[in-house]
Amino acid sequence: MAVGLLRGGRALPGDAVNELELALGPIAHGGHTVARHEGRVVFVRHGIPGERVRVRVTEAGPTASFWRADVVAVLEASGDRRPHPWPEADALAAADAGTVPVGGAEFGHIAPARQRRLKREVLAEQVHRLAGLDAPDLPEPAVEAVPDEDPAGLHWRTRVTFDVTADGRVGMHPHRSDAVLPVATMPLAVPAVDALGLARVDLTGVARVEVAVPSGPDGRGGRPLLTLFPATSELDDGDGAVTFGPVERGGTARAGVDRAGVDEAGVDHAALRRIAAAVPGASVCWLGPVTHRVHALRGEPWVTERVGERRYRVTGDGFWQVHRRAPDVLAAAVRDALGPVDGLTVHDLYAGAGLFSGLLAAAGAAVTSVEAARGASADAALNLADLPAVTVRHGDVARYLGGPPAGGRGRPGGNRRTRGPRQGRAGGGQRRGDDRRPDALAIPGPADVVVVDPPRVGLDRRVTDRLIAVPPARLAYVSCDPASFARDLGRFRTAGWQVHTVRAFDLYPNTHHLESFALLTPPRR
Ligand SMILES: C[S@@+](CC[C@H](N)C(=O)[O-])C[C@H]1O[C@@H](n2cnc3c(N)ncnc32)[C@H](O)[C@@H]1O
């Protein structure tokens with residue numbers, strides 16, 4: 001059988017678009033259901049386990065160990081199927097229109113309660129297979145809905161990355177594709193994002209736009225910040241090569257700007273100013289493609305977030321939790337698991353702008369806050385300046401913990417630029433050469449508590465090894481990826497650690513993503 005329409009520019013010989021009828025089996029990590037065709041596994045998107053569907057094969061090959069496919073018609077629907085709330089991400093509507101859906105809401109056709117049950121199945125399967133934990137170890141409800149969540153799972157994103165189409169329209173990518181399709185709306189985002197009217201703005205001259213909406217007093221959004229990525233930017237798809245430096249007030253790097261407003265680095269300043277003028281409701285900044293510095297165009301190049309009594313400045317594309325309630329929900333999970341921390345020594349690793357550091361230091365802990373992205377670390381220093389018991393360290397966690405040199409491993413686990421739910425951050429910034437000075441930031445001794453909240457890749461093996469070698473009394477692990485989470489729990493369990501609590505939160509409704517939490521303790525010595 002000759003099969004092979006491959007998205008993302010790859011194609012197989014003898015291409016033909018092939019459609020198959022399949023019975024959909026269980027859910028798999030990554031948002032697919034698992035089906036079989038002539039004995040071969042087919043990962044199917046936009047279905048629900050138990051459905052009978054017609055799919056279009058999107059990636060295949062005679063020798064491929066598995067194929068990928070998208071549902072284009074439902075022959076026997078699950079009772080949990082519902083109309084997709086976002087037209088551009090609706091696979092069935094896209095198939096009818098002869099196109100493909102954008103990514104980012106691959107569970108939108110599923111009733112929210114069933115979405116959470118599917119996420120539980122994924123988490124249970126991962127922690128069983130990779131960490132040897134059984135389903136009874138997972139408390140109910142295994143994936144907790146956010147209090148006061150919209151019933152359809154809409155209006156939660158406070159961070160959105162838009163790409164730009166060849167003709168300058170705001171757009172997004174289909175799953176596993178480099179194509180950019182225009183989008184008119186983004187209903188997963190807080191209403192302030194659509195209210196900017198980006199769909200009416202000519203974005204020619206920029207490659208990407210990140211929108212950050214601070215939580216605001218009512219939790220639904222203050223003045224948004226647009227970060228523009230000039231079209232010449234070498235976009236970072238690697239592990240954490242992007243860091244950004246100090247903000248340049250009003251800086252437009254104008255040296256060498258030609259009469260058309262384009263500078264030596266190819267940044268089209270006239271386009272940046274035109275876009276800023278077209279979005280009067282937002283502060284606007286741009287990220288220098290060479291310097292990785294944030295330049296303010298209008299207003300402050302940061303937003304101010306509030307969590308409880310504390311305020312946090314988050315600059316440019318610095319990391320902040322994406323769901324409007326995520327900071328509260330995760331802070332409560334950490335607080336509930338740890339109990340009183342007054343007088344304890346805490347290391348907050350992968351600390352971002354200092355969310356957990358602020359919480360724990362305000363509760364009386366002596367906190368060291370470690371973050372690799374320069375801008376996020378600068379934000380943390382400012383955000384935590386009123387707390388004398390906090391030390392902010394800028395650097396790679398593996399280096400901070402000391403231990404043996406990297407020995408040729410890849411860069412520290414930077415927060416890969418993804419288009420997933422955790423976008424809107426700067427990558428972890430230490431480059432490989434820094435690993436040759438492994439003890440430069442080594443901590444003096446074990447901590448009472450270590451909090452880790454790594455990017456999707458999870459903990460670098462050196463980090464796990466070092467925590468096992470110099471264990472804290474307790475480890476609180478916050479994770480946005482169930483597979484790396486389960487792998488890391490497995491590594492700790494193999495070393496004799498106990499997992500006391502596993503919780504999971506539905507902080508990414510209408511997507512397959514979930515946030516997990518565990519409290520671990522090392523073996524007694
Ligand atoms: C998931 S975010 C968590 C941030 C913070 N805990 C919060 O909740 O706001 C992960 C953070 O780790 C940082 N990071 C990624 N790789 C790192 C590394 N190797 N060392 C230190 N920080 C790193 C990223 O820049 C990002 O700010």
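In which sense do strand 7 and strand 23 pair, and over how many bridges? I began my notebook with this, keeping in mind that I was looking at a predicted model. I found that strand 7 pairs with strand 23 (residues 498-505) in the parallel sense, over two bridges, and I noted that V143 stands opposite A504 in strand 23.

Next I looked up the sheet as a whole. I recorded an open sheet of eight strands, in the order 7-23-24-22-21-18-19-20, and I wrote down that its pairing is mixed. Strand 7 (143-144) and strand 20 stand at the edges and have a single partner strand each, so I marked one side of each as lacking a neighbour in the sheet. I reminded myself that strands of a sheet pair through backbone hydrogen bonds, either parallel or antiparallel.

I then turned to strand 19. Strand 19 (residues 366-371) is mostly covered, since I find five of its six residues buried. I saw that strand 18 (residues 345-349) runs parallel to strand 19 and is joined to it by five bridges, and that L349 has V370 of strand 19 as its bridge partner. Strand 20 (residues 390-394) also runs parallel to strand 19, again with five bridges joining the two, and here I noted V370 opposite R393 in strand 20.

Last, I followed the chain between these strands. I found that strand 18, helix 6 (residues 355-362) and strand 19 make a β-α-β unit, which is right-handed. From strand 19 I traced the chain through helix 7 (residues 374-383) to strand 20, and I entered this β-α-β crossover as right-handed too.

Note on methods: Residues numbered from 1 in each chain as written. Predicted model: local features only at pLDDT ≥ 70, side-chain atom pairs only at ≥ 80, totals over all residues. Buried ≥ 20, exposed ≤ 12 C-beta atoms within 10 Å, placed from the backbone. Helix = DSSP H or I, 4+ residues; strand = E, 2+ residues; numbered from the N terminus. Pairing = 2+ DSSP bridges. Right-handed = clockwise from strand over helix to strand, strands pointing away.
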